[in-house]
Amino acid sequence: VNDSFAVLNNKSFAGWEARKRQDFHKAIEYYNKTIECNPNYFKAYFNRGFAYDRIGDVNKAISDYTRAL
């Protein structure tokens with residue numbers, strides 16, 4: 001298994017778990033790390049956009065949703 005792929009999956013999963021707990025700031029941190037590992041991983045942008053939306057940062061949410069497309 002590729003180490004960077006494992007890190008990507010772990011950070012993405014941790015972001016999802018934080019999102020489920022409604023800890024959106026922590027979710028954003030994990031999705032930031034996921035994006036650092038793979039800037040082309042559209043799901044991380046979508047999920048981070050959702051988290052930004054939930055904390056009221058609409059401009060960042062729109063930016064991430066647009067990037068996810």
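Here are some notes on the aromatic pairs, one ring-facing charge and the nonpolar core of this predicted model.

1. A word on conventions. Residues are numbered from 1 along each chain as its sequence is written, and side-chain values use heavy atoms, with hydrogens and water left out. As the model is predicted, local features need pLDDT of at least 70 and side-chain atom pairs count only at pLDDT 80 or more, while totals for chains, interfaces and linings use all residues.

2. Searching the whole structure gives two aromatic pairs (rings of Phe, Tyr and Trp, the last by its six-membered ring, with centres within 6.5 Å; planes under 30 degrees apart are stacked, over 60 edge-to-face, the rest tilted). One of them joins F24 and F50 edge-to-face, at 6.2 Å centre to centre with 65° between the planes. F24 belongs to helix α2 (residues 24-37) and F50 to helix α3 (residues 42-54), so the pair ties together parts 26 residues apart in sequence (helices are DSSP runs of H or I with at least four residues, numbered from the N terminus).

3. How do these two rings sit with respect to solvent? F24 is buried at 10% relative accessible area, whereas F50 is partly exposed at 23% (buried is under 20%, exposed over 50%, partly exposed in between, with a 1.4 Å probe and protein chains only).

4. Then there are F46 and Y65, whose ring centres are 5.3 Å apart with planes at 50°, so this pair is tilted. Here F46 in helix α3 meets Y65 in helix α4 (residues 58-68), linking distant parts of the chain, 19 residues apart. F46 is partly exposed at 42%, and Y65 is partly exposed at 26%.

5. F50 has a further partner worth a look: R19 lies over the face of its ring, 3.8 Å from the ring centre (the criterion is NZ of Lys or CZ of Arg within 6 Å of the centre and within 35 degrees of the ring normal). R19 is also among the contacts of N47, together with W16 and Y31, once neighbours within four places in sequence are set aside (contact means heavy atoms within 4.5 Å). N47 is in helix α3 and is buried at 12%.

6. Finally, the largest nonpolar core has 12 residues, including A18, F24, Y31 and Y52 (buried Ala, Val, Leu, Ile, Met, Phe, Trp, Tyr and Cys joined through side-chain atoms within 4.5 Å). Helices α2, α3 and α4 each supply at least two of its residues, and α2 gives the most, with five. Beyond its neighbours within four places in sequence, A18 is in contact with D23, K26, A27 and Y30.
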